[in-house]
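Trainee: Could we go through this model together, one question at a time? I'd like to see the reasoning behind each answer.

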Amino acid sequence: MSTQKDIRLPPLSSFERLSSECQHNAEKRTGRQVAIGGPGSCRASTRVGCTSGYLSTWPAHVTSQVVQQGRRHTSGGEIRNHGCGDDFGGPVGKPRFLEQLESYLKKELQALDLQQPKVQERKLQAYREVFGCFIEDFKTYKPLLCAIKNEYEITLAYLRDQIRELEPLRARLVVVSEQCEKRILGLREEERVEIRALKQERQHRQKVIENMRETQSSLQTQVCCLQADLAAQYLMYREECDARKLLIANISSMSYGPDEEPEEEQEEVEIEDPVKEKLALKVCREDLTKAQVELNRLHAEYGDVVPRRDWETLDHTHKENLLKLETLQKDFDQMKAEYDTLLEVHKQVTTQRDSLQGELEGFKEASTPRPEWEQCADVLGGSERWADLSQGQSSQRRLEILLAELGGKNSEFFTGLGTSDDVPIYLRYEGQLKNHRLKKNAVVRILKEVWKEKVMEDGRRNESSNLPEFLQQHLERQYGEKAGEWAYSLVEGIRQHQKDDSVSLFNDILTGKVDESVYHGQTHLLSNLLKVLIHSDSTESGLLSVQDFRDNLQMAFPLKRAQDIDELVTTAQAELDNNGGSLPYQRLYTEDADGKHKDFLNLVKKQASTERHMYISQLRTQLGGKGEVTVADLRAAFKNIDPSLDAIKLDWVLTMAFQIHQGELEQHTTQMDTELALQHLLAIDVTRAGPAPQQD
């Protein structure tokens, strides 16, 4: 503890007398007996109401000056009465000891110079000295107060050490922050210089390009002029040549008279000597004989000789065949080794299979026999429906499906979901509704009627209506008061036949998972293909050759790959059981008893769906991994991957991607999550309008 100054304090008996008087007055008012046990008991006594554990020798309500320069100390905002002032009925003066302590503390604080360093520590020292005197005068509470003071001193020392340790870190943090700011400023300056240089280079290159374009245009103009001059010069030379020929002909005709003929030079015919002629003939015959003998000799010696050119060609071919033979021999050896290995593996697998087969037979004999699930087909509406429900399912799952279907069969009525807003509009009915147990062909027939009437009504109104609302109106027109029964029966039938493509698509559009444009896109795709096939059938026989069928597929789908066209042709031949003859193309559009398309049309729709997903994947790649996109970003990406896309179709696609109206497209600047926008695009009929741009 630091050294204390001498302070004259009143004797402790004054506090004891004051406390005794306060307690005596309190006993008179409250009528309660309080034992005063001497000097020590007053210190351990109570505040007003005599609650144990508090020490007070002066009423708390007495007004006093606050020592700490305008600050007041409260305990949690609550003013506690530590003395007995309420019992006195009026203000009571301060004890002398308290006045001396406050006076000493005030003098010490006023003597401090607030401009000097570490003024807070000096103020704390003044309070420490006053608190020390206070502890010395209260002998009973001295150990507790000393322990409290020591704990505070230890805590202050620990906090000073912590501050002292953190001071270098703060300085280092300041230095590091300054260095980082300098580096950032340097990098920004370098970027500015680099950007400025790139801009200048770009401007320079633009000027060079403009100059080259001007030069090219001027050279093109010169070439055109030279071509014209060359044509004129050639025409002039040709005319001059013709004129020269005419002039020569005229001169020739003028040099000879009409009756004159040019004089012919008469050649003197020398008369040869007959003897000389005979000798020459004899020599020629001898030469002919020698030549014939030499020719026969050459034929005999070189009749079987091959020309060198042919020999070199054959030798080169022979060497190539040797190399191929060596390669094939190596491949054969490798395949033989692999075959031997596979044969050995096959033997091992066969052995394992035989052992497992024996174990299986043992298990079959020891275990319960498997149920004959085919017997459930008669109960569930036929073998085809049971095959659709149970294909690829485990025995447990088949049992669950059977129980669920039997429960649905036994349910004669549906319970209406009510008329609240969270119920789909076509299901807003109450009470018990009869289950009509619609079969698949009935469900498909109703869906076709709905689509047919909706297309006709939308065409009349020139506006697309909402499918759930139209379904409710259609059922009410068709069935009147029983519309609710048919609505719930139709929904149950749709749920049971989800594997059918047309039923599944209708359900997705009805529930809002897919936009209605997907259905119209498929319908337009199939009808356009049929129109192209009918238009190419000039004989109206309903038959097309395989090559004509392939050409029409390429005409109807100009953006398809060759392997996709080949797959369509192969599927059509397999469906029509055709091996190369004419194809009755109209049979490809027939449906089965349940109104389901066959393999060819299903493949056409499947390829269209695959192409749409590939189109969106190319768009995702073009966006370059951006987390969020704007309308401008998506528009630029579409133009990059599909330059042939017209502006009207592009605006519609953007409105569907961002879920906004057409008029809000230009003012829309809010960013949207990229994956969410792509999900919106997958739910609509967005297809490529033209060929993809060539990549470098």
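What follows is a short round of questions and answers on a predicted model.

Trainee: Let's start with the core. Which residues touch the most other members of the largest nonpolar core?

Mentor: Start with where the core comes from: α11 (440-461), α12 (467-479), α13 (483-496) and α14 (501-510) each supply at least two residues. α11 gives the most, with 7 residues. Out of the 30 residues in this core, the ones touching the most other members are Leu-490 and Phe-506.

Trainee: And which residues does Phe-506 touch, leaving out those up to four places away in sequence?

Mentor: Phe-506 is among the buried residues of α14, and the cover over that helix's buried residues includes α11, α12, α13 and α15. With sequence neighbors up to four places away left out, the residues touched by Phe-506 are Leu-447, Val-450, Trp-451, Leu-467 and Ile-494.

Trainee: How many of the residues of α14 are buried?

Mentor: Go along the helix and you find Val-503, Ser-504, Leu-505, Phe-506, Asn-507, Asp-508, Ile-509 and Leu-510 on the buried list. That leaves α14 mostly covered, and the count is 8 of its 10 residues.

Trainee: Is Glu-492 buried or exposed?

Mentor: Glu-492 sits in helix α13. Its C-alpha atom is 8.1 Å from that of Arg-437, which is 55 residues away along the chain. The cut-off for buried is under 20% relative accessible area. Glu-492 has 18% relative accessibility, so it counts as buried.

Trainee: Now the loops. What is the phi of Asn-462?

Mentor: First, place it: Asn-462 is in the loop between α11 and α12. Asn-462 is exposed, with a relative accessible area of 71%. It isn't a glycine, yet its phi is positive, at about 55 degrees.

Trainee: Where does Glu-540 lie?

Mentor: Glu-540 also isn't a glycine, and its phi is positive, near 55 degrees. With 72% relative accessibility, this residue counts as exposed. As for its place, Glu-540 is in the loop between α15 (517-536) and α16 (546-556).

Trainee: On to helix packing. Why do α16 and α17 count as oblique to each other?

Mentor: Two packed helices are described by the angle between their axes and the distance between the axes. Here the axes of α16 and helix α17 (residues 562-576) come within 10 Å and cross at roughly 135 degrees. Angles over 145 would be roughly antiparallel and 65 to 115 roughly perpendicular, with the rest oblique apart from those under 35. The crossing angle falls in that remainder, so the two helices are oblique.

Trainee: How many nonpolar residues does the contact of α16 with α17 have?

Mentor: On the α16 side, Val-546, Phe-549, Arg-550, Leu-553 and Gln-554 take part, and they meet Ile-565, Asp-566, Leu-568, Val-569, Ala-572 and Gln-573 of α17. Sorted by class, this contact has 2 polar and 2 charged residues, and the nonpolar ones number 7.

Trainee: Last one: how many charged residues are in the contact of α19 with α20?

Mentor: Helix α19 (residues 631-641) and helix α20 (residues 647-658) pack at about 135 degrees, with axes 11 Å apart. The contact involves Val-631, Leu-634, Arg-635, Phe-638 and Lys-639 of α19, together with Leu-650, Asp-651, Val-653, Leu-654, Ala-657 and Phe-658 of α20. By class there are 8 nonpolar and no polar residues, and the charged ones number 3.

Technical notes: Residues are numbered from 1 along each chain as its sequence is written. This is a predicted model: local features need pLDDT of at least 70, side-chain atom pairs count only at pLDDT 80 or more; totals for chains, interfaces and linings use all residues. Side-chain values use heavy atoms; hydrogens and water are left out. Axes are lines fitted to C-alpha atoms, for helices over the stretch in contact, and angles run from 0 to 180 degrees between N-to-C directions. Helices (H or I, at least four residues) and strands (E, at least two) are DSSP runs, numbered from the N terminus. Contact means heavy atoms within 4.5 Å. Ala, Val, Leu, Ile, Met, Phe, Trp, Tyr, Cys and Pro count as nonpolar, Asp, Glu, Lys and Arg as charged, and the others, Gly among them, as polar. A nonpolar core is a set of buried Ala, Val, Leu, Ile, Met, Phe, Trp, Tyr and Cys residues joined through side-chain atoms within 4.5 Å. Buried means under 20% relative accessible area, exposed over 50%, partly exposed in between (1.4 Å probe, protein chains only).
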